[in-house]
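Please examine the sequence and the model shown below before reading on.

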Amino acid sequence: MEKLIFRFDEKKLAGSYSPEIKKVLMYKKWTKLIPDDISRIGQPLADSIRRMALPIPARVLDFLTISLSVTAADTFVLRKNADDGWCRVIHLDLPVSDVKFWLSQKELLEKTLNFLSEDIWKFTFIEESYDFKINTSPRKN
């Protein structure tokens, strides 16, 4: 099984994780302060969301986070390393703003991804929100 932990704050990825666990920072710009063992995804997307300056419901942003994490895991976890050379077992530990809702959707998400990818997907959700700092006030000309 390949486990990937996604967080919005690099401090939450610090600590004593097993070396087999892939740590991924979401939506943040790269800085020299981010350790080399932490991958990054989604920063250009976060910039686009900020530029749109539209309010986006929390569950929509959660779904975006889940989708981006699935895409990243599909890229990071190579089929050739699977026991049978094809079917991967992928466990994603994800931050979402509405854990209760996503737990109610967990089985559907896992079954859908299992069917679409021929892999085995598992999800763990933790409560954490990302502030995209979207300015929805009218723009000055």
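The paragraphs that follow treat a helix, the aromatic pairs, a pocket and a single serine in turn.

The model is predicted. Helix H3 spans residues 99-117 and bends by about 50 degrees at Gln105. Its buried residues are Val99, Trp102, Leu109, Glu110, Leu113 and Ser117. The elements covering these buried residues include helix H2 (58-76), strand S4 (89-96) and strand S5 (120-127). After H3 comes Glu118, which has a positive phi, near 65 degrees.

The aromatic residues come next. Six aromatic pairs are present in the structure. One of them joins Phe8 and Tyr27, whose rings are stacked, with 5.8 Å from centre to centre and 25 degrees between the planes. This pair links distant parts of the chain, 19 residues apart: Phe8 belongs to the loop between strand S1 (2-7) and strand S2 (22-26), while Tyr27 lies in the loop between S2 and strand S3 (38-41). Phe8 and Tyr27 are both buried. A further pair is formed by Phe101 and Trp102; because their planes stand at 85 degrees, with ring centres 4.9 Å apart, the pair is edge-to-face. The cut-off that applies here is an angle over 60 degrees. Are the two partners of this pair buried or partly exposed? Phe101 has a relative accessible area of 24% and is therefore partly exposed, whereas Trp102, at 6% relative accessibility, counts as buried. The dividing value is 20%, under which a residue is called buried. Trp102 is also among the buried residues of H3 listed above. Phe8 and Tyr27 appear again in an aromatic cluster, which they form with Tyr130.

Attention now turns to empty space. The largest pocket holds about 160 Å³ of space. Which residues line the largest pocket? The lining consists of Met1, Glu2, Val77, Leu78, Asn81, Ala82, Asp83, Cys87, Arg88 and Val89. By class, six of the lining residues are nonpolar, one is polar and three are charged. Val89 in this lining falls within strand S4 (89-96), an element that helps to cover the buried residues of H3.

The last residue to consider is Ser67, which is placed in helix H2. Ser67 has a relative accessibility of 28% and so counts as partly exposed. Its C-alpha atom is separated by 19 Å from that of Pro55, and the two residues are 12 apart along the chain. Helix H2, which holds Ser67, is one of the elements that cover the buried residues of H3.

Methods: Residues numbered from 1 in each chain as written. Predicted model: local features only at pLDDT ≥ 70, side-chain atom pairs only at ≥ 80, totals over all residues. Heavy atoms only, no water. Bend = angle between axes of the 7 residues up to and from the residue. Helix = DSSP H or I, 4+ residues; strand = E, 2+ residues; numbered from the N terminus. Buried < 20%, exposed > 50% of the residue type's maximum accessible area, 1.4 Å probe, protein only. Contact = heavy atoms within 4.5 Å. 1 Å grid on protein atoms, 1.4 Å probe; cavity = no way out; pocket = protein on both sides within 12 Å on 5 of 7 lines; lining within 4 Å. Points joined across faces, edges and corners; volume = space filled by probe spheres on them. Nonpolar A, V, L, I, M, F, W, Y, C, P; charged D, E, K, R; others polar. Phe/Tyr/Trp six-rings, centres within 6.5 Å; stacked < 30°, edge-to-face > 60°.
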